[in-house]
Structures are given as structure tokens and as C-alpha cells.
Amino acid sequence: MRLTGKHVVITGASSGIGAQIALKVAGQGATPVMLARSEEKLTTVCENIKNVTGVDALPYKLDVSDASAVSAVFDRVLDRLGTIDVLVNNAGFGVFDLFHEADIDEAKRMLDVNVLGVMACTRKLLPHFLVRNSGHILNIASLAGKVATPKSAVYSATKHAVVGFSNALRLELAGTNIYVTTVNPGPVETHFFGIADPSGEYVKNVASFMLAPEQVAEKVAAAIGKRKREINVPFSMNVGARLYQMFPSVLDSLVGKWMNKK
């Protein structure tokens, strides 16, 4: 129960990784503050958390791409709880397309949610953390933010942005007790692929690498309160990402075609 008394805000908390993080932190004594667009799904997840852990999770409807709504909801949470200890920026989505076939409005929506949503939530909460000189920001990015692959130009760009934003923010906060952790999972078995890959082709091709959301959530919950720079899972894909960063031209030549799994 090492997180007893902590208030953990989680965006995109109505399913997948976000819902599992909420369950994990509640099991360690924290109060999950759960933000998502679907009130109905949030209610279902909160009921499950109550049944499993006995903790009352707090649901709030929010679209993180709406900066004014972000400000209003965070104000309501702070008025109710007084403090927030942890922010998990998990909300996001992807669509896999060849870029010349991509819908530019859909691309803008991806940037609004995956990048500006992360920034809006962080910008709203960061002054609160600075006043307290305490807090932890965990940004759920992706290994796609380290290694781009075909048919994910926009999605990879958004996750590259989250990684870069997190790295810069970590340096800005180096003299404080506010931690910034980037979480870079490979493919995770969630509803994400219902939008990103409706054909199911990518899921079939990467089935051997697919993570359960519980695996990622466990890593995230374990990192809370620790000055951890990154979480990269699974191990095998992280090794590949590191090799790619050291020898990008070589890897492009050797395994470029293999990386086209979509």
C-alpha cells in the first residue's frame, strides 16, 4: 500500500492501459482520478475498481484536446481533493495509413489529442506541482516515438513529439522534486487497434510481441514516486530501438522491409 493517500490523475482511463493503471494504483492505496470522453465506460471501470480494491475511483468526463475543458476539470478536481500527486498522460489514438492517403483532419485530431492534450494537462497541473515542489508526470508515448515504421507517419510523429517534450521538461525540472517519466510500450492488446488497424493485419503480424495492458500498467505503477527516466517494453523491441538509434542507416537497409508489418 505504498501509494496510500496519493491522488493519481489518469487520462484515457476508460479502457486499456489507463483502466489497468487505475486498478493497479488503487490496489496500492491511491485514489485514481479517471478522465475520459465516455462517462458510461468510466462508470463501469470505477465500479470494477471498487469491487476489486474497495477504493472509490473518481470519474470525470474530459476530451483532452479541449484546452478550456482541461482547465475546468482540473480546477474541479483540485477543489475537491486539494492536491494531485501524479499525472499519467495516457489518452491517445492512432490511425495507420500511407501518408499520401491520410486524412489531414484526422492527422490534426491525432496531434490535438496525442501531443497538445499531453501539453495542456501538464501545463495546467505543473504550477501546482511547482508550488508543492513535488509531483510525478508519466507520459505514455510509444516505441514508435523512437523507431518510425511505414504507415504510421503521423502517429510516429506525435509520439516523437511526446518523447521530445518529456525530455525537455525533465531537464527544466532537474532542480526540483518533480519527476518526468516517458513510457514507451510496443504494441499492446487494447481497443487502440480497432481504430488504428481495422483490418487486423498488423495485430496478426505482431502477435508474438503483443503486450497485455496489465504488463504496462504494472511497470507504470511500480515507477510512481521514483526518478525513472524511461520505461521501455518489451525488452526485445527496446533492444531493437536502441540499435536503430545507433545505426539507423544500417538498420534501414537490413530490416527496413521487415518493419513494414501494417
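## A partly exposed lysine

Lys 24 counts as partly exposed, because its relative accessibility is 27%, a value between the limits of 20% for buried and 50% for exposed. This value, like the others in this report, is computed from a predicted model.

The side chain of Lys 24 forms a salt bridge with that of Glu 218, with a distance of 3.9 Å from N to O. The two residues belong to distant parts of the chain. Lys 24 sits in helix 1 (residues 16-27), whereas Glu 218 sits in helix 8 (residues 213-223), and 194 residues separate the pair.

## The chain as a whole

The protein chain contains 10 helices and seven strands. Of its 262 residues, 50% count as buried. The chain exposes about 12,500 Å², and 55% of this area comes from carbon and sulfur atoms.

Contacts across the sequence were also counted for the protein chain. Among those between residues at least 6 apart in sequence, 71% join residues at least 24 apart.

## The sheet

The seven strands make up an open sheet with parallel pairing, and their order across the sheet is 3-2-1-4-5-6-7. The edges are taken by strand 3 (58-61) and strand 7 (230-233). Each of these two has a single partner strand, so one side of each has no neighbour in the sheet. From one strand to the next, the twist averages 15°.

At one edge, strand 2 (residues 31-36) runs parallel to strand 3, and four bridges join the two. Within this pairing, Ala 36 of strand 2 is found opposite Lys 61 in strand 3.

## Helices packed on the sheet

Helix 2 (residues 39-53) packs on the sheet and touches strand 2 and strand 3. The direction of helix 2 makes about 160° with that of strand 2.

Helix 4 (residues 104-132) also packs on the sheet. The strands it touches are strand 1 (7-11), strand 4 (86-89), strand 5 (135-140) and strand 6 (178-185). Between the directions of helix 4 and strand 4 the angle is about 170°.

## A salt bridge from helix 4

The structure holds eight salt bridges, and one of them joins Asp 85 to Arg 132. The closest N and O atoms of this pair are 3.3 Å apart. Asp 85 lies in the loop between helix 3 (67-81) and strand 4, while Arg 132 belongs to helix 4. The pair links distant parts of the chain, 47 residues apart.

The two partners differ in exposure: Asp 85 has a relative accessible area of 9% and is buried, whereas Arg 132, at 32%, is partly exposed.

## A network at strand 7

Another salt bridge connects Glu 230 with Lys 146, and the closest N and O atoms are 3.1 Å apart. Glu 230 lies in strand 7, and Lys 146 in the loop between strand 5 and helix 5 (153-172). The salt bridge therefore ties together parts that are 84 residues apart in sequence.

Glu 230 is buried, with a relative accessible area of 16%. Lys 146 is buried too, with 13%. Because the cut-off for buried is under 20% relative accessible area, the value of Glu 230 meets it, as does that of Lys 146. Salt bridges with shared partners bring Lys 146, Arg 229 and Glu 230 into one network.

Methods. Residues are numbered from 1 along each chain as its sequence is written. This is a predicted model: local features need pLDDT of at least 70, side-chain atom pairs count only at pLDDT 80 or more; totals for chains, interfaces and linings use all residues. Side-chain values use heavy atoms; hydrogens and water are left out. Two strands pair if DSSP finds at least two bridges between them. Axes are lines fitted to C-alpha atoms, for helices over the stretch in contact, and angles run from 0 to 180 degrees between N-to-C directions. Contact means heavy atoms within 4.5 Å. A salt bridge is a side-chain nitrogen of Lys or Arg within 4 Å of a carboxyl oxygen of Asp or Glu. Buried means under 20% relative accessible area, exposed over 50%, partly exposed in between (1.4 Å probe, protein chains only). Accessible areas come from the Shrake-Rupley method with a 1.4 Å probe; for residues, only the protein chains shown count as cover.
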